[in-house]
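Please look through the structure shown below, and then follow the paragraphs that come after it, which go from one pair of side chains to the wider arrangement around it.

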Amino acid sequence: MSILLEAPVFTIEAGLKAAKFGIDRLELCSDFGEGGETPSAGALSFLKEKVQIPVFVMIRPRGGDFVYSPEELYVMRKDIAILKSHGADGFVFGVLDKNGHVDKEACKYLMYAVEDLPCTFHRAFDISRDKEKAMEDIISCGFQRILTSGGENDVTKGMSNILKWLDQASNQIIIMPGGGLKPSHISELINTRKLQEVHASCKTFRPTESNYSHPSVSLSNDPNAFKQVLTIDRTLVTEFLTEFTPNQSK
C-alpha cells in the first residue's frame with residue numbers, strides 16, 4: 001500500500017518547491033508563528049494554476065484556542081465557500097467546545113459548506129479531553145482523517161497512542177501522524193500495516209534576498225524575522241520518500 005506524504009506550506013515558494021520535490025499533497029496555511037491560519041484566496045488560486053497535486057486548505061480564523069464564536073464560525077464557513085470556488089481539494093479544521101470536547105454542531109455547520117470534499121480534523125484533537133470520544137465524534141461528523149501527534153507534544157512522545165489508534169481506527173478513519181514527525185519514525189509506523197498518510201513540514205529557512213537591513217527599526221520580536229524566509233528542505237523530503245521505498249516507488 002502506498003503512503004501519502006503531506007506537507008504544510010506557508011509560502012508560495014514552499015508550495016511550488018514541495019510539489020517539485022515529490023510531496024503528494026499540500027496543506028496550505030498562513031501564519032507559521034500561530035501554527036497555521038486560513039490562507040488567502042490568491043495564494044490558493046495561484047498554486048492551483050501551478051501544481052498538479054491536491055491542495056487542502058487550513059480553515060482557522062485566528063491563533064489561540066479552538067473555541068469559536070458564532071461570528072468566527074460564520075467567517076470560517078464563508079472562507080470555505082470562497083476557497084472551494086478557487087479550487088480547494090479539501091479542508092483542514094477542528095472545533096472544540098469550552099469543556100474540551102469536539103463541538104459536533106459547529107463541525108457539522110462547517111461541513112455543510114464543504115459538501116462532498118474531504119476534510120481533516122487537525123491537532124485540536126490532541127488537546128481534546130477524551131480522545132476515544134473525540135474520535136467517535138469526529139467520525140460521526142464526516143471527517144476522513146485525523147492529524148495527530150498522539151495526544152502529546154510531538155510524535156516521538158505520542159508514538160504508542162498513534163500505534164494504538166492506527167490499529168483501532170483504520171477501517172473507520174485515516175490516522176495521519178504529524179507534529180514533529182521525523183524520517184526515523186516511518187519504519188515503526190509502516191510496520192503496523194495500517195499507515196496510509198503522514199504529515200511532515202520538512203521546513204527550513206533560507207537567507208533573505210534583501211540587501212538592506214534597517215539599523216534601528218524592528219517589526220518583530222524575533223531577531224531573525226527579516227533575515228530569513230520559511231521554505232522547504234529538499235533533503236528532508238527525500239529522506240521521507242526514501243523511507244517509503246519498500247512500500248512504494250517514487
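In this predicted model, a good place to begin is Lys164, which is partly exposed, with a relative accessible area of 36%. The side chain of Lys164 meets that of Glu132 in a salt bridge, with a distance of 3.9 Å from N to O, and Glu132, at 36% relative accessibility, also counts as partly exposed. This pair links distant parts of the chain, since Glu132 belongs to helix H5 (residues 131-141) and Lys164 to helix H6 (residues 155-169), with their positions 32 residues apart in sequence.

How many salt bridges does a search of the whole structure find? The search finds 14 of them. One of these joins Glu197 to Arg25, where the closest N and O atoms are 2.9 Å apart, and it too connects distant parts of the chain, because Glu197 lies in strand E8 (residues 197-199) and Arg25 in strand E2, 172 residues apart. Are Glu197 and Arg25 buried or exposed? Both residues are buried. Salt bridges that share partners draw Glu197 and Arg25 into one network with Glu6 and Arg145.

Another salt bridge is formed by Asp65 and Arg62, with the closest N and O atoms 2.9 Å apart. Here Asp65 is partly exposed, having a relative accessible area of 42%, and Arg62 counts as partly exposed at 23% relative accessibility, because the buried class holds residues under 20%.

The next stop is helix H1, which spans residues 12-21 and whose buried residues are Ala14, Gly15, Ala18 and Phe21. These residues cover an arc of only 135 degrees around the axis, and therefore they lie on the same side of H1. What do the buried residues of H1 pack against? Their partners are strand E1 (4-9), strand E2 (25-28), helix H2 (41-50), strand E10 (228-232) and helix H8 (234-244). Strand E2, one of these partners, is also the strand that holds Arg25 of the salt bridge with Glu197. Just after H1, Gly22 takes a positive phi of about 115 degrees.

The last residue to visit is Ser184, placed in the loop between strand E7 (174-177) and helix H7 (186-190). Ser184 counts as exposed because its relative accessibility is 58%, and exposed residues are those over 50%. From C-alpha to C-alpha, Ser184 and Glu243 are 8.2 Å apart in space, although 59 residues separate them in sequence.

Technical notes:
Residues are numbered from 1 along each chain as its sequence is written. This is a predicted model: local features need pLDDT of at least 70, side-chain atom pairs count only at pLDDT 80 or more; totals for chains, interfaces and linings use all residues. Side-chain values use heavy atoms; hydrogens and water are left out. Buried means under 20% relative accessible area, exposed over 50%, partly exposed in between (1.4 Å probe, protein chains only). Helices (H or I, at least four residues) and strands (E, at least two) are DSSP runs, numbered from the N terminus. The arc is that of the directions from the helix axis to the C-beta atoms. Contact means heavy atoms within 4.5 Å. A salt bridge is a side-chain nitrogen of Lys or Arg within 4 Å of a carboxyl oxygen of Asp or Glu.
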